[in-house]
Every structure is written in C-alpha cells, then in structure tokens.
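Hi,

Here is the structure I said I would pass on to you. Have a look at it first, and then read my notes below.

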Amino acid sequence: MRITRITTWAKSLPLTKPYYLSGGRLRFDELDATFVRLDTSDGTVGWGEGTPWGHTYLAAHGPGIRAGIATMASTVLGLDPRKLDVIERAMDLALPGHLYAKAPIDMACWDILGKTTQMPIADLLGGSCGDATNIVSSVSTGTPDQMTTEIDRFRAMGYRAHSVKVGADVELDVERIRAVESHRREGERILYDANRAWTRAEAIRVMNGVRDLDVTFEQPSETLDDIDAVRRQTSAPISIDESLVTYADGIHIARKRSGEIFNIKSNRVGGLTRARRLRDIAIAHGIQMYIMPTGGTVLADAESAHLTQTVPESLRLGCWSCQDMIEEDPAPGRGPRNQYGTIQVDTIPGLGVEPDEAWLGEPVAVYK
Ligand code: MG
C-alpha cells in the first residue's frame, strides 16, 4: 500500500462566543483548521485534522500546517501509511520540528491502519479499557460571576470537570479561585489553568494564597525551569500542558517531579505516534494524565478520545471536547459526542468519523 495523493482543506471554525485565556490577555474568536485526506494505492482513504488553538496560544498556527504539508508532501507520497514510525522519520527528515504540522498526516495514517485492520484506533494503541471518559469543560477567563455562570452552563450539559482559565492578575486570580471553589460541587474536578501567564513570583503568590484550599493548577508559568522553581516553593498539584512537547520534557517532569499530572495534546506533540509514547512515560511513572486536542471538530476530539480510552482508569483524568465550543460540524450526528459529560469511542475501524466533503468545499492543495 502506498500513499498516492494528499489533499488539504482550510476551514475557519467560529467559536460560539469569544474566548479569553491568560487573564484576558489572549482573545480568540475563530480557529484555523486544516483537514487532510490521504488516498492510497488500494483505495483506502484516511482523514486527519490539525486545529491549533488560534495563532497566539502556542508556536503553532493553521497556515503553518498547510505550509508544512506542502514541504513534506513529496517525501510522504509513495510511503506505506501503515508504517507509522517510517512516516514519522520521513517527516522529521523532510522538516525538522514543526510537530503540529505533522500531526494531521499522522492522524490520517492511523485512520488508514485502523480501516485496513478493521480495528478502531484505541485498540491499535493498546486497547480500549474502562468506562467512558469524563470531558473537561474550558471556562474562559472573566469576572468571578461570569466564570461561575459559565460553569453552570457546562454543568447543564453534564460536565463534572472544568478547566478554569486564570492568569495575569494575582489578586483577581485569588478572588476567582475562591469564588469558583465556593461554587464547586462535591465530586467535581477543577483545574486552574494559567496558560503560562504568571511569572514565577506571581505563581507562587497565587498558589500559596489559596493554600488552604485543595486545588490543582495547570501550567502556572512559561517554561519547565519556571515550573520547577514554582514547584519548590508551593505544594498544590501541578498539571503540565504547554511545556510537555518532547519525550525529554516527559522524562524531565517525571524524574524531577516538576508536576504531578501530564496534559498531552496530540496536535502539539506531533500526533498519536508520539502522544502514545508520552502516555507510556506517564504510565511508567504512575503519573495521572489528561489527553486533549488543541482544538477543532469531532475529528480532533475523536483522535484524543481514542488515546484517552487506552489509559488505565486509575491514571485517566479526562479529555476535552472542543466540538461543543465551535459553530461548525463537519460530520453531524457522527463520531464521538458529549454524552452528558462523558465521551466514548465506538468500534468503527480507524478514527470512526469522516467529514462531509460538501462541508469542506474546495481543497486548497492536492499533491500526487
Ligand atoms: Mg491547559
């Protein structure tokens, strides 16, 4: 089997409402999504999606995915898509770095491997285990009242886990956290996610300012060195998200105890091929984890849901379903959906969902 054609589409995915991160310093209104279709010599088709969370969240952006695929296409064409590690090395040779540009091709290859073996991706990744996974909501930065109202909106959809966005203003962040904690229901899991916004000193002030509460933080500061420094002067559990990109990052976190939780984003780390290895580093060290897309439609959610479903329940904290936050849907009624706050992949071979090509419209590039 060989890859005979690579087709890409660009789509704008408007958010249902403006979204603010890092204490409001970053605003998002729409996401730039790239969809990839791989055609093969035996007629099997694989689908991938790459949707960074806007252009300002991380060093990843939509047009960069399309440019990266243009650069890698001639190397990927002709390869056997079922040989995931060969594809990975070929992409690394054609374009060092730029992991987010490789992820949608990797996703489409996993889709093809699943279709040709008649297995869902979760089973290819080691086997689906346990019950459906809790979905974590994503609560935009706002006033304490706005944020508790937003939590109520997600609760009405069944959510029992929330990622609450803080950052940028120490006093207000302490106020936000106290307001949300007093609103918290028994059994709810809440992450206070600063998305790198705090300096080391600010992170220490906020985290120690709510030391009397049993709360968990995510990515308080910019780098792993920053988080190590914060870790030494605070005691609340820390989840590491943006600073978890490479295997070396995962090993650093595990060995130096930078944080207690991994948040693995398959688009950021280069796709499922790499994300599963970070999952295994976490499992080997008894580290709990979230697995999430960086954003996107039901395709991106499905990819994350497959990997999440393979994590033993004792280590699985949840995933994210961005589809609830965007206006567009490329596959209405199909693929894994929010089932009152949980998501579960089914037994359809491969990714388990394909976009409607009428919705995609005209491709932006075809390589063959
Ligand atoms: Mg985060």
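Let me start with a small enclosed space, the second largest cavity: its lining is made up of T16, K17, P18, Y19, S138, S140, E150, R153, F154 and M325. Two elements, β1 and α5, each give two or more residues to that lining, and β1 has the largest share with 4 residues. Sorted by class, the lining holds 4 nonpolar, 3 polar and 3 charged residues. The space inside comes to about 70 Å³. Do keep in mind while you browse that this is a predicted model.

How many cavities of 30 Å³ or more does the structure hold? There are 4. The largest cavity has about 180 Å³ of space. It is lined by 19 residues, and the closest to its centre are Y19, S138, K165, K265 and W320. You have already met Y19 and S138, since both also line the second largest cavity. As for elements, β1, β4 (133-139), β5 (161-165) and β9 each supply two or more residues to the lining of the largest cavity, with β4 giving the most, 3 residues. The split by class there is 8 nonpolar, 6 polar and 5 charged.

Now for the open spaces. The second largest pocket has a volume of about 190 Å³, and you will recognise some names around it. It is lined by K17, P18, Y20, S140, T141, G142, Q146, M147, T149 and E150. Of these, K17, P18, S140 and E150 are also on the list for the second largest cavity. The elements with two or more residues in this pocket's lining are β1 (3-21) and α5 (144-156), and α5 gives the largest share, 4 residues. By class, that lining divides into 3 nonpolar, 5 polar and 2 charged residues.

The largest pocket holds about 230 Å³ of space. Among its 16 lining residues, L58, A59, A60, Y100 and R268 are the closest to the centre. Helices α3 (99-117) and α10 (266-269) are the elements that give two or more residues here. Its lining counts 9 nonpolar, 5 polar and 2 charged residues.

Next, the metal. Which residues coordinate the magnesium ion? They are D193 (OD), E218 (OE) and D241 (OD), at 2.0 to 2.2 Å. Along the sequence these donors follow the spacing D-x24-E-x22-D. D193 sits in strand β6 (residues 189-193) and E218 in strand β7 (residues 216-218), so the pair ties together parts that are 25 residues apart in sequence. Are these two donors buried or exposed? D193 has a relative accessibility of 1%, so it counts as buried. E218 is buried too, also with a relative accessible area of 1%.

Right beside E218 in the sequence is F217, and that takes us to the core. In general, nonpolar side chains in soluble globular proteins tend to be buried together. Here the largest nonpolar core has 113 residues, and those with the most contacts inside it are I6, W53 and F217. Helix α3 contributes the most to this core, with 9 residues. Leaving aside residues up to four places away in sequence, F217 touches I177, L191, Y192, W198, V206, M207, V210, A236, P237, I238 and S239.

Helix α9 (residues 247-256) is worth a look as well. Its buried residues are D249, G250, H252, I253 and A254. The cover over them includes α8 (224-232), β8 (238-240), β9 (261-265) and α11 (272-284). Just past the helix, R257 takes a positive phi of about 55°.

Two other residues have a positive phi. Q118 is not a glycine, yet its phi is positive at about 60°. You will find Q118 in the loop between α3 and α4 (121-124), where its relative accessibility of 58% makes it exposed. R196, also not a glycine, has a positive phi near 80°. R196 is placed in the loop between β6 and α7 (200-209). Its relative accessible area is 15%; the cut-off for buried is under 20%, so R196 counts as buried.

Enjoy exploring!

Conventions: Residues are numbered from 1 along each chain as its sequence is written. Side-chain values use heavy atoms; hydrogens and water are left out. On a 1 Å grid over the protein atoms alone, a cavity is a set of points where a 1.4 Å probe fits but cannot get out, and a pocket is an open set with protein on both sides within 12 Å along at least five of seven lines; lining residues have an atom within 4 Å of a point. Grid points are joined across faces, edges and corners, and a volume is the space filled by probe spheres set on the points. Ala, Val, Leu, Ile, Met, Phe, Trp, Tyr, Cys and Pro count as nonpolar, Asp, Glu, Lys and Arg as charged, and the others, Gly among them, as polar. A nonpolar core is a set of buried Ala, Val, Leu, Ile, Met, Phe, Trp, Tyr and Cys residues joined through side-chain atoms within 4.5 Å. Buried means under 20% relative accessible area, exposed over 50%, partly exposed in between (1.4 Å probe, protein chains only). Contact means heavy atoms within 4.5 Å. Donors are N, O and S atoms within 2.8 Å of the metal (3.2 Å for Na, K and Ca); water is not among the atoms, so sites may look incomplete.
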